[in-house]
Every structure is written in C-alpha cells, then in structure tokens.
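Colleague: I have a few minutes before my next gel. Can you walk me through this one?

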Amino acid sequence: MSYRIYWRRNDGVSGHVWLSAGDMDALAVEMTLQGMPWPGDRLPESGADAVLTADEVESAIAAARETPLGISDGQLWIDWLVFLEGAIQNGGLLIRA
C-alpha cells in the first residue's frame, strides 16, 4: 500500500507527495518520538481518504525538531516538515490510501 498526500488547496503540480507504507510508518514513528500530536489513527485504509485540518497540522509541526531522533533518512524528515508547513498555508491535508 502507498499513500498519496495532498495539500487541500494545490495546483496539481506542487503540494503533493507519494509515500510508501514503509516511509509513512517511519515518519509516524519519528513524529511519535518527537511528541508531535499526529492523528495516525486516522490514516485511511486502502481505497479511502482522510482529511487533516490546517490547525491539526500546525499543532503537530509546532512540536517538531529539524533533527530526527530515530529516522535514518534525514532528508525524508526535512522534506516532510517542509511539506507540512506548506499544508498549513494551504488548508491542511487530504490523505488517500
């Protein structure tokens, strides 16, 4: 399974990422280690969607540190944080599995 994650307002060119289940799991573990309030229980099952509001994303990113605590791919972590910051300005996230 993979995840397609979009800013709720995007232009079809920017504002989206595709993550494997492994990458999403690694990011979720890192967010937990950093104490980020990420609603991981709302990740959709295959064929479904989930929405995270800009306020939810902002609450999560407020606790984030640039230096990862457990994830081995530091660039994935930095790219994720930048993507989340963009989501705050663009209405939150739409997650499709």
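**Helix 3 and its surroundings**

Modeller: Let me start at a small spot. Leaving out residues up to four places away in sequence, Leu 33 touches Leu 69 and Gly 70. Keep in mind that this is a predicted model.

Colleague: Where does Leu 33 lie?

Modeller: Leu 33 is in helix 1. Its relative accessible area is 48%, so Leu 33 counts as partly exposed.

Colleague: How far is Leu 33 from Gly 47 in space?

Modeller: They are 28 Å apart, C-alpha to C-alpha. In sequence, 14 residues separate Leu 33 and Gly 47.

Colleague: Next residue along. Is Gln 34 buried or exposed?

Modeller: Gln 34 is buried, at 5% relative accessible area. It sits in the loop between helix 1 and strand 3.

Colleague: What does the side chain of Gln 34 have for polar company?

Modeller: One of its polar atoms lies 3.5 Å from the backbone oxygen of Thr 67.

Colleague: And which residues is Gln 34 in contact with, leaving aside neighbours within four places in sequence?

Modeller: Ala 63, Ala 64, Arg 65, Thr 67, Pro 68, Leu 69 and Trp 77.

Colleague: Trp 77 makes me think of helix 3. Which residues of helix 3 are buried?

Modeller: Leu 76, Trp 77, Trp 80, Leu 81, Phe 83, Leu 84, Gly 86, Ala 87 and Ile 88.

Colleague: What do those buried residues pack against?

Modeller: Two helices and three strands. The helices are helix 1 (21-33) and helix 2 (54-62). The strands are strand 1 (2-7), strand 2 (16-20) and strand 4 (93-96).

Colleague: How does the span of helix 3 compare with what 1.5 Å a residue should give?

Modeller: It agrees. Helix 3 covers residues 74-89, 16 residues, so it should span 22 Å. Its end C-alpha atoms are 24 Å apart.

Colleague: What caps the N-terminal end of helix 3?

Modeller: Asp 73 does. A side-chain oxygen of Asp 73 lies 3.2 Å from the backbone nitrogen of Gln 75.

Colleague: And what follows helix 3?

Modeller: Gly 91 follows, with a positive phi near 85°.

Colleague: Back to helix 1. At what angle do helix 1 and helix 3 cross?

Modeller: Roughly 75°, and their axes come within 11 Å. That makes the two helices roughly perpendicular.

Colleague: Which residues meet there, between helix 1 and helix 3?

Modeller: From helix 1, they are Asp 23, Met 24, Leu 27, Glu 30 and Met 31. From helix 3, they are Leu 76, Trp 77 and Trp 80.

Colleague: New topic, aromatics. How many aromatic pairs are there?

Modeller: Four. Take Trp 7 and Phe 83: their ring centres are 5.8 Å apart and their planes are at 20°, so this pair is stacked.

Colleague: Which parts of the chain does the pair of Trp 7 and Phe 83 tie together?

Modeller: Trp 7 is in strand 1 and Phe 83 is in helix 3, so the pair joins parts 76 residues apart in sequence. Trp 7 and Phe 83 are both buried.

Colleague: Got another pair for me?

Modeller: Trp 38 and Trp 80 form an edge-to-face pair. The centres are 5.8 Å apart, with 75° between the planes. Trp 38 lies in the loop between helix 1 and strand 3 (49-52), while Trp 80 lies in helix 3, 42 residues away in sequence. Trp 38 and Trp 80 are both buried too.

Colleague: Which residues make up the aromatic cluster?

Modeller: Trp 7, Trp 38, Trp 80 and Phe 83 form one cluster.

Colleague: What about Gly 15, where is its place?

Modeller: In the loop between strand 1 and strand 2. Gly 15 is buried, at 7% relative accessible area. Apart from residues up to four places away in sequence, it touches Ile 5, Tyr 6, Trp 7, Asn 10 and Phe 83.

Colleague: Last one. Is Pro 44 buried or exposed?

Modeller: Pro 44 is buried, at 5% relative accessibility. It lies in the loop between helix 1 and strand 3. Not counting residues up to four places away in sequence, what Pro 44 touches includes Met 1, Tyr 3 and Ile 95.

Colleague: How far is Pro 44 from Asp 73 in space?

Modeller: 24 Å, C-alpha to C-alpha, with their positions 29 residues apart in sequence.

Definitions and conventions:
Residues numbered from 1 in each chain as written. Predicted model: local features only at pLDDT ≥ 70, side-chain atom pairs only at ≥ 80, totals over all residues. Heavy atoms only, no water. Helix = DSSP H or I, 4+ residues; strand = E, 2+ residues; numbered from the N terminus. Expected span 1.5 Å × (residues − 1). Buried < 20%, exposed > 50% of the residue type's maximum accessible area, 1.4 Å probe, protein only. Contact = heavy atoms within 4.5 Å. Polar contact = N/O pair within 3.5 Å; in protein donor to acceptor, adjacent residues only side chain to side chain. Phe/Tyr/Trp six-rings, centres within 6.5 Å; stacked < 30°, edge-to-face > 60°. Axes fitted to C-alpha atoms, helices over the stretch in contact; angles between N-to-C directions. Parallel < 35°, antiparallel > 145°, perpendicular 65-115°, else oblique.
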